[in-house]
Amino acid sequence: MKIPREPKTTPLIGVVVGSDSDLPVMKSGLEILERWEVPFEVRILSAHRTPSVAADYAKNAKERGLKVIIAAAGMAAHLPGVLAAYTTLPVIGVPIASGQLGGMDALYAIVQMPPGIPVASVGLNAGKNAALLAVEILGLTDPLWQEQLKAYREEQAKGVLDKDQRLRESGWKEP
Ligand code: RP5
């Protein structure tokens, strides 16, 4: 269910992926943002392939009206940390499971930020949770986003309870 609200076009959430190969992981999160009409933008910016563009993006993010940045990257995933170094906006890192180490490299790189420049992290490939967490951050200053999240959780709970009901009626072999 989508809570109606005034259309707003200035992006509030900046979603940055280190490569177009990271985009599929973000799909479920981006779909939620789109469905709820959360103003957001998506960019492909790399901390090592386009370092100055990535730095400028983070430096200007707050002035452009962004409230939170989601940064998804795989392998030696320094993108969230580099963006966080250039802004005081909250940065949520999404470690991508890829490469020879299956994502543990990205997870550690994002979670183990040295003290002083924090990056929040969701789980491996958890683009959906990153989007929900970003909306929770928006909800701190706009109660309508809290309403939206509440409605989502109620729908989610109903889905589980419906399945439970069917299971109890049909038995566990044919849920
Ligand atoms: C990282 O390297 C990206 O975030 C991506 O997860 C990984 C591989 O990038 P591609 O070689 O697929 O562009 O920078």
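**Reading the pockets and the ligand site**

Modeller: The second largest pocket holds about 180 Å³ of space. This is a predicted model, in which local features need pLDDT of at least 70 and side-chain atom pairs count only at pLDDT 80 or more, while totals for chains, interfaces and linings use all residues. Residues are numbered from 1 along each chain as its sequence is written, and side-chain values use heavy atoms, with hydrogens and water left out.

Biologist: Which residues lie closest to the centre of the second largest pocket?

Modeller: In general, rolling a probe the size of a water molecule over the atoms shows where empty space is left. A pocket is an open set of points on a 1 Å grid over the protein atoms alone where a 1.4 Å probe fits, with protein on both sides within 12 Å along at least five of seven lines; lining residues have an atom within 4 Å of a point. Here eleven residues line the second largest pocket, and L12, K67, L138, T141 and D142 are closest to its centre. By class, this lining comprises five nonpolar, one polar and five charged residues (Gly counts as polar, and Asp, Glu, Lys and Arg as charged).

Biologist: How much space lies in the largest pocket, and what lines it?

Modeller: The largest pocket contains about 260 Å³ (the space filled by probe spheres set on the grid points). Its lining has 17 residues, with S19, D22, H48, G74 and M75 nearest the centre. Seven of the lining residues are nonpolar, eight polar and two charged.

Biologist: Where does the ligand sit?

Modeller: The ligand sits in the largest pocket (more than half of its atoms lie within 2 Å of the grid points). Around the ligand are G18, S19, S21, D22, H48, R49, A73 and G74, each with a heavy atom within 4 Å. This shell divides into one nonpolar, five polar and two charged residues.

Biologist: Which side chains place an N or O atom 2.6 Å from an oxygen atom of the ligand?

Modeller: A polar contact is a pair of N or O atoms within 3.5 Å. The side chain of S19 has an N or O atom 2.6 Å from a ligand oxygen; the same distance is given for S21 and for D22. The protein covers 76% of the 360 Å² of accessible area that the ligand has on its own (Shrake-Rupley method, 1.4 Å probe).

Notes:
Polar contact = N/O pair within 3.5 Å; in protein donor to acceptor, adjacent residues only side chain to side chain.
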